[in-house]
Structure formats: C-alpha cells, structure tokens
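Good morning, colleagues. Please look at the sequence and the structure on the screen, and I shall then take you through several of its parts in turn.

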Amino acid sequence: MNAPSITPALKPLARLLGLLGLCSVLGSCGGGGVAAVLNSAGVGSGGTGVVQGLVTGFGSVFIDGTEYLTSTSTTVDQEDSAGQAVTALLKLGDRVQATLDASGNATAVTVLPALSGPLTLAPVLDATTGDWWGQVDGQWVRIVTTAANTPLGITTVLSGCTLVNPNFSATAPIASCLGQMSPGNEVEAHGTWVLDSVHNAWILVASRLEITATSPSATAPVHLGGIVTSIAAAASQVTLNAGAGASSGGITLQGVLPNTLATGQTLSAWVARNAWNNSGMGQSIVPASAITNTSLSANASGQSVAQLSGLISNYNPTNNTALVQGTLVAFPGSYQGNIGDGDYVRVTGALSGNGLNAAALYPSHQTEDHVVTLSNAASNTQSMEIKGITNNWAGPVVQTFTLQGTAISTTTSTQYTGCSGLNSGALVSLDVLGTSAPGQPVTASSIQCSPPPGSGSNSDSVTDLRGTISNLSAGAGSGTLTLTLGNEAGTVYTVNWTPNTFIDPNLLDPATGNLLVTNGQSLDIIGVLSNGVLNATALRPYQPGAKDHNATND
C-alpha cells in the first residue's frame, strides 16, 4: 500500500517558530492560557459559544484537552436514521460539538460519528508508517497506531476487539484486533477528514473505531459522512469525499438536500440497508434520507464564537484560508505561510457565514491547568485525563479498574499523591493522568486521590458507582443503589434518572424500549452526586467479579 500523504508530524523549523511566536504574543500556551484565550474570544465569557473537537478524557468532559463541566441537565445526543436526536453516551475518541453557557459549561453535547455500517475493505498494515488502512461504507479510513504519525497527535481508540477475536492479546493488541477484522464486520468510526493525494480522496483519520458486530446487519441503515465535493441540485445529488479527475474516489447520494449546502462542508446521510446492497455497496448512485449539513457553521445557530479542531486541507497562502473539518477558516495574518496542508490546528474565533475568522490558534492540545501534548514521538501512545468519584478501585496497587466507563491500568511506575491508607472499595475522588495505545486501557502515569466532597458541596461531582438496585420505580425513574465493593459495601444512595439519561441497550426491551432492570440487579451508574442522591447520566449493566474489559478504552 502506498504511504499516506499527510504532512509528517515534525514540521519545518519556520513553521514551528510561527506557532511559538503566537504563543509568546498571547502569553497563553500554559498555566490556564486556553481558558484565558477562550474568554478573550468570547466563548463562555458573558455569551455562549460552541466547541467542536475530539473527546480526550472525562472529568465532566475533555474536548481537545480542555475540560468543560457538565451536569444532569446537560443533554448528550446523537442523530438517528430518522434525523432525530436520541440520547447517547460519550466515549473516548468521539468527535463532538458542545454548546457552552456564559460560564463555559457544556449545556448540550452532540456526538458526530463520521461513518457507521459495514467494513468494506479489511484493514491492511502500511509498513511505511506502521498505520493500518481500511474502508468503512466504501470510504477510506486511516487507523493511527503511533501518535507522532500525524499532526493530529492521537492514536485511534479501538473498541470491541474481543468481538472479532475472543482471545484478544493485550501484548499485541493492534494485530490481534485489526488483523482479524473482515468485510462485513459492523463498525462506527469517528475522526477528522483530510484530503489525501495518494488515494485521491478525502479520507478519515480515525480517532475512534468501534466494532459493533461481526456479521453484516440485514436491516440496520448505513450512516455515511464526509466532505461535500460536488452538488447537482437539479438532480438532488451530492458527491462526498471525491478527489480530482475521473480516477477520484467518492460516493454520490440522491435525496432531499439541505437548503444551505456548499462544497467543502461536512455532511451526514442515512441509507437503507437494502438500498445500500442494491447500489453495489455505494458503487452507483445511492438513495439517501436524513441528509444533514453537519458543518460547524450550520449547527451553531445563534452562536457568534466557536472553537474547532482538525487537519488543514486546501490551504490558500494568498488568502490565508483553508478547509478544516468542513469549515472555511481564515487564519491570523501572523500565520500566513507558516501553516500548510495536513497540519493540525485548533482555532478559536468568530463565525461568519459558512466560515470562521480565527482570532487564536493553538499548536498543541492543552488543558486549563497544564499543557498536554497528545503526540508522543517515542511511542504509540497519547495522553489523556480521567477524573471522578468511584468505589471501583483497589487502592494504590497494580490493577485494572474502570472510571467513567474507561478502562484504566496501573503499574509499578504509577505515581500516587494523597492515596496512602485508601483501601479496596473506598469511596474516593481520583484524577488520573495517563497514556493509551490502540486497543489497550489507559495506563496511569499518575493518580491524585482526595476525599469525595462532603454533603452539600458536591453538586458537580461526577461519580461512577457499582452496586445493586432496589426499591425500583421505573416509571418514576428512581431506585436505591447499595454499594457492594470493599469497605464501602452497604452504603446506600438514592438514584434518579430522566429521559436525558443514557441507558445501555442491554437494559432495554428491544421491542418496546421499556427498562428491563429488576430489583437486586447489579448496575454501574455514572452520574452527579449531591447530598446523598446520585442523579444518573448513564445506567450500565455490571457483573460482580467480572474482569474489567481491558481492550476497549470505553
């Protein structure tokens, strides 16, 4: 397979100096700089704004390294095949768009998968880069195994590997998972679109690839997405992801097009499974429904300020503009000539029509408290942060546990702060910094422990508790959770949930959608703890004594 054409992670010195120069002018590349620059640009500073990027951790939620607080009133949804918003669960590597309030808190988060449906070309290892390439819904997907391989600075989160290989190997996770995938496996992919000259098409650099089933579905619709490369409005046709010339890739859809749609924007569409099969799996014009413009500007109604991350394509050095994830970005003049196709950017600025006038640009993923450079040139890992209260850990020992739905492993090298004297099952607030490689849990480099906030002061404390449910009232959305782990066993919490709560499909009747939970059942509940009441944001099944899945990152 030909080597991909994305610009290498190490850029010319002039480009690097340009990036560092802006940091010096803004004084914002560390020590809370991101929050300061966001505020100066208007995001969350007396007016609302939007942020679109990748989920890189959980506290409330980290997007591109910055934490945004959520609450039980925060809606998390994802579009279904009818074009309706349905409750969703955030996962590492998801591409999302969050609406922020005046304080910079996330009031609504929309999950934006790029593709879901059949694997149409099994992943193949590219020996030149060490990355794997395959196709989902007939569209090229790059599965990144070394963070430094692309300026995006991440590795692809692999989930569901045990579906294709029950004997999944934690010591060789990539080959163990991808090497056994085959056409017909059902998958969902997230990431960033970029124009690739080798494949002469827009390709998805995957931030997350989740295997949902090993056999093709007979009825599930196919979800297509990508960059609009041509529009034939009279024929109600739109082509996605095509390169240049007759040999270009791409797929043509036919259906009701959005009123405002332009080339270069991102688009989402659904195709009935029989229509997908009858079209030769995308080889001819495909009838589609729920065709939606998913570009930032089209989904930021009423917002004037935004932040966007992605890879640059079609950079115009004369106009100092480029396409980033379906949005035309005008860069600050100080960057003219110092950026180029394939570069990773995270920009903040004012929305204008179909574009974004960037006021600030960041050269690395940063958090409000410290700089986090996700790319690690020495390994195939990326950095992330997971925070929350839990009773699901064994103290400062080598173990694998789950926090906020994310598998975390500790080693003999893990550094602990404030964790001495905490025993198995103790209710504790954890702040985990670590790295993750494809198909493996987060490996904790450091864990900071603190007592959970006291009653009355923990209204925004995200909590992940495991126990058995009783006093169940499915209609009222309430019950009692009794913890079953360690020295917290027997502690009781009231649990409430609402229509905004994500409920694992395994806990629902597939025919009616009714809750199948019964008294005495073991659950893993994520929510916000306040005055002894756990207001649930997610209900998931839990099997006491079962080993945490350590091959999925979710």
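How many cavities of 30 Å³ or more does the structure hold? In this predicted model, the answer is 2. I shall dwell on the largest cavity, which contains about 400 Å³ of space. Its lining is made up of 31 residues, and those closest to its centre are Leu89, Leu90, Gln404, Ile526 and Thr537. By character, the lining residues comprise 13 nonpolar, 15 polar and 3 charged. Two strands each supply at least two residues of that lining, namely E35, covering 522-530, and E36, covering 533-541. The greatest contribution is that of E36, with 4 residues.

Allow me to step back to the chain overall. Its secondary structure consists of 5 helices and 36 strands. The chain has 554 residues, of which 55% count as buried. Considering the contacts in the chain with a separation of 6 or more, 64% are between residues 24 or more positions apart.

Next, some of the strand pairing. Strand E7, residues 106-111, is joined to strand E4, residues 75-79, by 4 bridges, and these two run parallel. E7 also pairs with strand E6, residues 95-100, here in the antiparallel sense and over 5 bridges. Valine 109 in E7 is a useful residue to locate on the screen. Valine 76 has valine 109 as its bridge partner, and alanine 98 also stands opposite valine 109. The hairpin of E6 and E7 has 5 residues between the strands, and glycine 104 there takes a positive phi near 85°.

A further group of strands involves E8, residues 115-125. E8 is joined to strand E9, residues 132-136, by 4 bridges, with the two running antiparallel. Within this pair, leucine 119 has valine 136 in E9 as its bridge partner. The hairpin of E8 and E9 holds 6 residues between the strands, and glycine 130 has a positive phi near 85°. E8 also pairs with E12 in the antiparallel sense, over 4 bridges. In that pairing, proline 118 stands opposite glutamate 186 of E12.

I turn now to the aromatic rings. The structure holds 3 aromatic pairs. One of them is formed by tryptophan 133 and tryptophan 140, whose ring centres are 6.2 Å apart; because their planes stand at 70°, the pair is edge-to-face. Are these two tryptophans, 133 and 140, buried or exposed? Both tryptophan 133 and tryptophan 140 are buried.

Let us proceed to the loops, and to backbone angles in particular. Most residues other than glycine have a negative phi. Against that background, which residues deserve a look? Asparagine 200 has a positive phi, near 50°. Asparagine 200 lies in the loop between strand E12, 186-196, and strand E13, 201-213. Its relative accessibility is 18%, so asparagine 200 counts as buried; the cut-off for buried is under 20%. Glutamine 325 likewise has a positive phi near 50°. Glutamine 325 is placed in the loop between strand E21, 321-324, and strand E22, 327-330. With a relative accessibility of 7%, glutamine 325 therefore counts as buried.

Two further loop residues complete the account. Threonine 294 is in the loop between strand E19, 289-293, and strand E20, 305-316. Its relative accessibility is 19%, so threonine 294 counts as buried. Which residues does threonine 294 touch, not counting those up to four places away in sequence? They are Gln52, Thr266, Leu267, Ser268 and Asn299. The C-alpha atom of threonine 294 is separated by 9.8 Å from that of leucine 261, a residue 33 positions away along the chain.

The last residue is glycine 439, in the loop between strand E29, 428-436, and strand E30, 442-450. Glycine 439 is buried, because its relative accessible area is 0%. Its C-alpha atom and that of leucine 158 are separated by 4.7 Å, although glycine 439 and leucine 158 are 281 residues apart along the chain.

Thank you for your attention.

Terms used
Residues are numbered from 1 along each chain as its sequence is written. This is a predicted model: local features need pLDDT of at least 70, side-chain atom pairs count only at pLDDT 80 or more; totals for chains, interfaces and linings use all residues. Side-chain values use heavy atoms; hydrogens and water are left out. On a 1 Å grid over the protein atoms alone, a cavity is a set of points where a 1.4 Å probe fits but cannot get out, and a pocket is an open set with protein on both sides within 12 Å along at least five of seven lines; lining residues have an atom within 4 Å of a point. Grid points are joined across faces, edges and corners, and a volume is the space filled by probe spheres set on the points. Ala, Val, Leu, Ile, Met, Phe, Trp, Tyr, Cys and Pro count as nonpolar, Asp, Glu, Lys and Arg as charged, and the others, Gly among them, as polar. Rings of Phe, Tyr and Trp (its six-membered ring) pair if their centres lie within 6.5 Å; planes under 30 degrees apart count as stacked, over 60 as edge-to-face and the rest as tilted. Buried means under 20% relative accessible area, exposed over 50%, partly exposed in between (1.4 Å probe, protein chains only). Two strands pair if DSSP finds at least two bridges between them. Contact means heavy atoms within 4.5 Å.
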